[in-house]
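Subject: Structure handover

Hello,

Here is the structure we talked about. Please open it alongside this note.

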Amino acid sequence: MIAAPRPAVPILMYHEIAGPADTTSHLAVPPSSFARQLGYLHDAGFQTVTAGTLAEIMNGGGGQLPERAVVLTFDDGFEDFYRQALPLLDRYGFTATLYVTTGWVQDAGPLPAGQRPGRMLCWSQVAEAAGAGIEIGAHSQLHPQLDQLPRQRLREELRGSKAQLEDRLGRPVPGLA
């Protein structure tokens, strides 16, 4: 018996939704470009699914993928997700997966070393995004280069981030990026 081929599902990864006046990151997408991208996806008949939903379906869990599925992900937890991306996602009826670096959350307290990479989400914004149907995933505590960490520190980064998100949100956080 030959298994049916798995469908190709594009996964679009974003970091900041900010213009050149607001960031120096080469990973940032200006809000106007992001709005056009979402408009294109909507007009082309794409439907969003979360990263968790895609993983569950592709691993034989229940459910069916939409004919034109796409996954939108956002790394790190920049505040512009709340201000720029969330309203646009809502306008188009789209969902997404937001991977939060818990130590970078704006009201998480002082960092052990260094600074946050920019204006980050606060805990109430993370909770509001989750309440709006955005899947929240873990993205470590302090965003170190994970392949360079000793085993125990790696465990702390990954488990600590997940546990803190679950504690703050009061719901399971199944995903990690």
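Start with Gly114. Gly114 is exposed, because its relative accessible area of 62% is over the 50% cut-off. This glycine sits in the loop between E4 and H4. Its C-alpha lies 9.9 Å from that of Leu142, and the two residues are 28 apart in sequence. Bear in mind throughout that this is a predicted model.

Glu157 is the opposite case. Glu157 is buried, with a relative accessible area of 0%. Its place is in helix H5. What does Glu157 touch, once residues up to four places away in sequence are set aside? The answer is Ser140, Gln141, Leu142, His143, Pro144, Leu146 and Leu149. Pro117 is 40 residues from Glu157 along the chain, and their C-alpha atoms are separated by 18 Å.

One of those contacts, His143, has a backbone feature to check. Phi of His143 is near 60°, a positive value in a residue other than glycine. His143 belongs to the loop between E5 and H5. It is partly exposed, at 34% relative accessible area.

Asp76 also has a positive phi without being a glycine; the value is near 90°. Asp76 is found in strand E3. Is Asp76 buried or exposed? It is buried, because its relative accessible area of 7% is under the 20% cut-off.

Now the core. The largest nonpolar core holds 32 residues. Phe34, Leu72, Phe74 and Leu89 have the most contacts inside it. At least two of its residues come from each of these elements: helices H1 (31-43), H3 (80-92), H4 (123-131) and H5 (151-169), and strands E3 (69-76), E4 (97-100) and E5 (135-138). Which element gives the most? H3 does, with six residues.

Leu72 deserves its own look. Leaving aside neighbours within four places in sequence, Leu72 is in contact with Leu12, Tyr14, Leu38, Leu41, Thr48, Val49, Leu89, Phe94, Thr95, Ala96 and Thr97. There is also a second, separate core of nine residues. Val9, Leu54, Leu65 and Ala69 are among them.

Leu54 leads to helix H2, residues 51-58. Ala51, Leu54 and Ile57 are buried there. They lie on the same side of H2, because they cover an arc of only 135° around the axis. The general rule is that an α-helix has 3.6 residues a turn, so residues three or four places apart point the same way. The buried residues of H2 pack against strand E1 (11-14), and also against E3, E4 and E5. Just after H2 comes Gly60, with a positive phi of about 90°.

Last, the pocket. The largest pocket encloses about 250 Å³ of space. Its lining has 17 residues. Glu16, Asp22, Thr23, Phe78 and Asp80 lie nearest its centre. By class, the lining has seven charged, five polar and five nonpolar residues. H3 supplies the largest share of that lining, three residues. H3 is thus a name to remember from both places: it also gives the most to the largest core.

Best wishes

Key:
Residues numbered from 1 in each chain as written. Predicted model: local features only at pLDDT ≥ 70, side-chain atom pairs only at ≥ 80, totals over all residues. Heavy atoms only, no water. Core = buried A, V, L, I, M, F, W, Y, C linked by side-chain atoms within 4.5 Å. Buried < 20%, exposed > 50% of the residue type's maximum accessible area, 1.4 Å probe, protein only. Helix = DSSP H or I, 4+ residues; strand = E, 2+ residues; numbered from the N terminus. Contact = heavy atoms within 4.5 Å. 1 Å grid on protein atoms, 1.4 Å probe; cavity = no way out; pocket = protein on both sides within 12 Å on 5 of 7 lines; lining within 4 Å. Points joined across faces, edges and corners; volume = space filled by probe spheres on them. Nonpolar A, V, L, I, M, F, W, Y, C, P; charged D, E, K, R; others polar. Arc of directions from axis to C-beta.
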